Amino acid sequence: MGRTTSVAAGSSLRTAIAGVGMIGQVHLDAVRRNGAPVVGVSASTPARAKEAAAALGVERAFDSSQALVTSDDVDVVHICTPNGAHAELAELALRAGKHVVCEKPLTTSGATADALAALAAETGLVAAVPFVYRYHPMAAEARARVRDGRAGDVRLVHGHYLQDWLSEPDDTNWRVDTVAGGPSRAFADIGSHWCDLVEWVTGHRIAELTAVSQTVDRTAEGAAVRPDTEDVVQLLFRTDRGATGTVTVSQISPGRKNRLWFEVDGTRTSLAFDQENPESLFVGSRGENAAVLRDPAVLSPVAARLSVVPGGHPMGYLDCFAAFVREVHAAIRAPRAADGPAADTTWGTYPTFDDAARMVRLTEAVLGSAADRSWKEVS
Ligand SMILES: NC(=O)c1ccc[n+]([C@@H]2O[C@H](COP(=O)([O-])OP(=O)(O)OC[C@H]3O[C@@H](n4cnc5c(N)ncnc54)[C@H](O)[C@@H]3O)[C@@H](O)[C@H]2O)c1
């Protein structure tokens, strides 16, 4: 195993970010909000890295992402490149002793994801993946109400994750290219977020599933190419604890920008959360229905802790990232005991490479099921 970067309590966590497109800049903001210096960035070319460093006020532009993730001057690396580059960079970073935050999907194959998760465990370094919707206070409130019994036993889980950025014939992005994006697009890109979130809220795991997928033939509408990867996935599943569920995942739903919505129906109450309206949680019952508003005074302790501004001052996606990075930094400073969460956090559940590897395997089960029209078990 390579060098291990040790971080003394109180010292700053020198962070470098590989890839500073949309999400890399969100990471940069979250790291800075947590008081850590972003010491370097990389991009697709050295020239672009220089431009980005100047524009973002970062001192160092690395000539390559490989040089960034192995630099002696860095403690924590954030990998925010297109999917196809994640595996190589995450492995190099772990072997060089860096704590790693790697974007989802962790890799584009289940075997590689499992190998990376095993490597991360072997090193003892913090290896996290930003399934950040876990950090919406009202999603955390839903989880708390399942855990403390107010929802009762979970019987049914359902919802959707809809976007529209690929709904016009000529829409495109690196995600459509299987080398940069991987063999799954809609499910790996956003379905994995939905599944991670509902598993985390319910404590159930998707144990078996059957899927249908659809790829629209845009050439009939005048587009030059037809993507190889799926635009839509519809999933029917059973959990390890006897609940059933469905989810529709789409990147071709006009008007739907980032519509992640789920409902968990328990024996006592139903709980519904909408990522685009994250300041409230629907709580349904046979008596009165309620929209519980985000107000730290009335929320469960964990949701109140994530509520960093008073009710009525809307929180959102960027706050989720900041909370995620806060927890990653806490875990780096106070490593997890072998048998439990980081000693100095009450949260202690940041999404790990293990969680992300599970989502990559689940994605493979979805693709396999859609291809041969069968039920698949998820390990
Ligand atoms: N967790 C989330 O909520 C979330 C949201 C969006 C994207 N993502 C993930 O983040 C990653 C990036 O997505 P994005 O939306 O920011 O894409 P993007 O296209 O906005 O940015 C990617 C950037 O990486 C650069 N790049 C390409 N190859 C590189 C390399 N080898 N080294 C350094 N930079 C390189 C590109 O030029 C581009 O600037 C993807 O894996 C995506 O799935 C996660």
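**Exercise 1. Arg-373 and its backbone**

Task: In this predicted model, decide whether Arg-373 counts as buried or exposed, and find where in the chain it is placed.

Solution. Begin with the accessibility, where the cut-off for an exposed residue is over 50% relative accessible area. Arg-373 has a relative accessibility of 77%, and therefore it counts as exposed. Next, place the residue: Arg-373 sits in the loop that runs between helix H11 (353–372) and strand E15 (376–377). Finally, look at the backbone, where Arg-373 shows a positive phi of about 55 degrees although it is not a glycine. As background, most residues other than glycine have a negative phi.

**Exercise 2. A cis peptide bond**

Task: Determine which two residues are joined by a cis peptide bond, and state which loop holds Pro-105.

Solution. The bond in question joins Lys-104 and Pro-105, and its omega is about -15 degrees. Turning to the location, Pro-105 belongs to the loop between strand E5 (99–102) and helix H5 (110–123). For comparison, most peptide bonds are trans.

**Exercise 3. The covering of helix H6**

Task: Work out how many residues of helix H6 (residues 137–147) are buried, and name them.

Solution. A residue is taken as buried when its relative accessible area is under 20%. By that criterion 10 of the 11 residues of H6 are buried, and the helix is mostly covered. The buried residues of H6 are Pro-137, Met-138, Ala-139, Ala-140, Glu-141, Ala-142, Arg-143, Ala-144, Arg-145 and Val-146, a list that includes the charged residues Glu-141, Arg-143 and Arg-145. After H6 comes Gly-149, which has a positive phi near 90 degrees.

**Exercise 4. The six-stranded sheet and Val-76**

Task: Give the strand order of the open sheet of six strands, identify the strands at its edges, and describe the surroundings of Val-76 in strand E4.

Solution. Reading across the sheet, the order is E3-E2-E1-E4-E5-E6, and the pairing is parallel. Strand E3 (60–61) and strand E6 (127–128) each have a single partner strand, so one side of each is left without a neighbour in the sheet, and these are the edges. Within the sheet, strand E1 (residues 15–18) is paired in the parallel sense with strand E4 (residues 76–79) over four bridges, and Ala-16 stands opposite Val-77 in E4.

Now take Val-76, which lies in strand E4 and is buried, with a relative accessible area of 0%. Leaving aside residues up to four places away in sequence, Val-76 touches Leu-13, Arg-14, Thr-15, Ala-16, His-99 and Ile-332. A further distance links Val-76 with Val-126: these residues are 50 apart along the chain, and their C-alpha atoms are separated by 9.0 Å.

**Exercise 5. The nine-stranded sheet**

Task: Establish the strand order of the open sheet of nine strands, and trace the bridges from strand E8 through E9 to E10.

Solution. The order is E14-E13-E12-E11-E7-E10-E9-E8-E15, with mixed pairing. At the edges are strand E14 (290–293) and E15, each of which pairs on one side only.

Start the trace at strand E8 (residues 206–214), which runs antiparallel to strand E9 (residues 232–239) and is joined to it by eight bridges. E9 is in turn joined by seven bridges to strand E10 (residues 244–250), again in an antiparallel arrangement. Val-232 lets both pairings be followed from one residue, since Gln-214 stands opposite Val-232, while Val-232 stands opposite Ser-250 in E10. The hairpin of E9 and E10 has four residues between the strands, and in this hairpin Gly-242 takes a positive phi near 90 degrees.

Elsewhere in the sheet, strand E7 (residues 154–162) and strand E11 (residues 259–266) form an antiparallel pair over eight bridges, in which His-158 has Glu-263 of E11 as its bridge partner.

**Exercise 6. The chain as a whole**

Task: Explain why the protein chain can be called as compact as a globular protein of its length.

Solution. The chain contains 11 helices and 15 strands. Its radius of gyration is 20 Å, close to the 21 Å given by the globule rule for 379 residues, so the chain is as compact as a globular protein of that length. Two further values complete the description: 56% of the 379 residues count as buried, and, among contacts between residues at least 6 apart in sequence, 67% join residues at least 24 apart.

Conventions. Residues are numbered from 1 along each chain as its sequence is written. This is a predicted model: local features need pLDDT of at least 70, side-chain atom pairs count only at pLDDT 80 or more; totals for chains, interfaces and linings use all residues. Side-chain values use heavy atoms; hydrogens and water are left out. Two strands pair if DSSP finds at least two bridges between them. Helices (H or I, at least four residues) and strands (E, at least two) are DSSP runs, numbered from the N terminus. The radius of gyration is taken over C-alpha atoms; the globule rule is 2.2 Å times the number of residues to the power 0.38. Buried means under 20% relative accessible area, exposed over 50%, partly exposed in between (1.4 Å probe, protein chains only). Contact means heavy atoms within 4.5 Å.
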